[in-house]
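Please open the structure in your viewer and keep the sequence panel visible. The tour below proposes one selection after another and states what each selection shows.

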Amino acid sequence: MDANVFAQRRARVLERLPAGQALLLLPHHHHLRNGDAEFRYRQCSDILYLSGWEDPECALLLRPGCDQPFILFVQEKNEEMEIWTGIREGPDGAKTRFGADEAFTWAELKDKLGTLLIGYDTLHYAAGHDADYDRLVLGSIASKRKVAQRKHAKPVPDSFMNPGRILHELRLFKDDSELEVMR
């Protein structure tokens, strides 16, 4: 699918996010079936809808009103692992092929997320769906709360909303590329 389609979808979501609100999508977990055999991976539908990214370990962050509103956290480029998993785009591919304004490795998510959310008081995030992700997100935010208030006099998210409130309403109305796939 054309990268412009994903950019238009992200633009519609960013338009609907009020000032001071950001949106975070986290992927489904990748599971091994037995030993070294993997179940076929299926990306979170909302991440696919907004980015086209199909590989595991991909977090998508949208932050309206800033210089870099679209950020991806993805698997690092690793030629040795690519023998087994196929080509990994890595952060550079996330920017060049998928249009991310900034991209980091999946391993950097825990350390960078809290800083990237300074200045946003509400986070559209599916809280309560995955305890591991909840600990990651809440821990990242908590680690920056005092710093944000003391140094920047800016908030960090203390209110959470389900991203489906915005995304799923938009997804009801199909664009031409979606209609073509459905046909």
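**First stop: the second largest pocket**

This is a predicted model. Begin with the second largest pocket, whose lining consists of nine nonpolar, six polar and three charged residues. The space inside the second largest pocket amounts to about 370 Å³. Select Leu26, His28, Cys44, Ala126 and His129, which are the closest to the centre of this pocket among the 18 residues that line it. Then colour strand S1, helix H6 (131–152) and helix H7 (164–171), the elements that each give two or more residues to the lining.

**Second stop: the sheet**

Next, display the strands. Six of them form an open sheet in the order S6-S5-S4-S1-S7-S8, and the pairing is mixed. Strand S6 (102–105) and strand S8 (159–161) are the edge strands, each of which pairs on one side only. From one strand to the next, the twist averages 20°. Now add helix H5 (residues 109–116), which packs on the sheet and touches strand S1 (21–25), strand S4 (59–62), S5 and S6. The direction of H5 makes about 165° with that of S5.

**Third stop: strand S4 and its two partners**

Select S4. On one side, S4 is joined to S1 by three bridges, and the two strands run antiparallel. Show leucine 25 and leucine 60 to see one place where residues of these strands stand opposite each other. S4 is also joined to S5, by four bridges and again in the antiparallel sense. Two pairs of bridge partners can be displayed here: alanine 59 with phenylalanine 73, and leucine 61 with isoleucine 71.

Which way do the side chains of S4 point? Ala59 and Leu61 point one way, while Leu60 and Leu62 point the other way. In a regular strand, side chains alternate between the two faces of the sheet. All four of these S4 residues are buried.

**Fourth stop: strands S5 and S6**

Move to strand S5 (residues 70–74), which pairs with S6 in the parallel sense over four bridges. Two matches between these strands deserve a selection: isoleucine 71 stands opposite glutamate 102, and phenylalanine 73 has phenylalanine 104 as its bridge partner.

Is S5 mostly covered or uncovered? S5 is mostly covered, as five of its five residues are buried. Phe70, Leu72 and Val74 point one way from this strand, and Ile71 and Phe73 point the other way. In S6, Glu102 and Phe104 share one direction, Ala103 and Thr105 take the other, and all are buried.

**Fifth stop: the loop between H7 and H8**

Select leucine 172, in the loop between H7 and helix H8 (176–182). Leucine 172 counts as exposed because its relative accessibility is 63%, and the cut-off for exposed is over 50%. Draw a distance from its C-alpha to that of leucine 136: the two residues are 36 apart in sequence and 31 Å apart in space.

Phenylalanine 173 also belongs to the loop between H7 and H8. Phenylalanine 173 is exposed, with a relative accessible area of 59%. Its C-alpha is 14 Å from that of phenylalanine 6, although 167 residues separate the two along the chain.

**Sixth stop: arginine 42**

Go to the loop between strand S3 (37–38) and H2, where arginine 42 is found. Arginine 42 counts as exposed because its relative accessibility is 51%. Which residues does arginine 42 contact, leaving aside its neighbours within four places in sequence? They are His28 and Leu48. His28 was also selected at the pocket, where it is one of the residues closest to the centre. For a longer line across the model, join the C-alpha atoms of arginine 42 and aspartate 175, which are 133 residues apart along the chain and separated by 22 Å.

**Last stop: glutamate 57**

Finish in the loop between helix H2 (45–51) and S4, where glutamate 57 has its place. Glutamate 57 has a positive phi of about 55°, although it is not a glycine. Is glutamate 57 buried, partly exposed or exposed? Glutamate 57 is partly exposed, because its relative accessible area is 34%, and partly exposed covers values between the buried limit of under 20% and the exposed limit of over 50%.

Definitions and conventions. Residues are numbered from 1 along each chain as its sequence is written. This is a predicted model: local features need pLDDT of at least 70, side-chain atom pairs count only at pLDDT 80 or more; totals for chains, interfaces and linings use all residues. Side-chain values use heavy atoms; hydrogens and water are left out. Two strands pair if DSSP finds at least two bridges between them. Axes are lines fitted to C-alpha atoms, for helices over the stretch in contact, and angles run from 0 to 180 degrees between N-to-C directions. Contact means heavy atoms within 4.5 Å. On a 1 Å grid over the protein atoms alone, a cavity is a set of points where a 1.4 Å probe fits but cannot get out, and a pocket is an open set with protein on both sides within 12 Å along at least five of seven lines; lining residues have an atom within 4 Å of a point. Grid points are joined across faces, edges and corners, and a volume is the space filled by probe spheres set on the points. Ala, Val, Leu, Ile, Met, Phe, Trp, Tyr, Cys and Pro count as nonpolar, Asp, Glu, Lys and Arg as charged, and the others, Gly among them, as polar. Buried means under 20% relative accessible area, exposed over 50%, partly exposed in between (1.4 Å probe, protein chains only).
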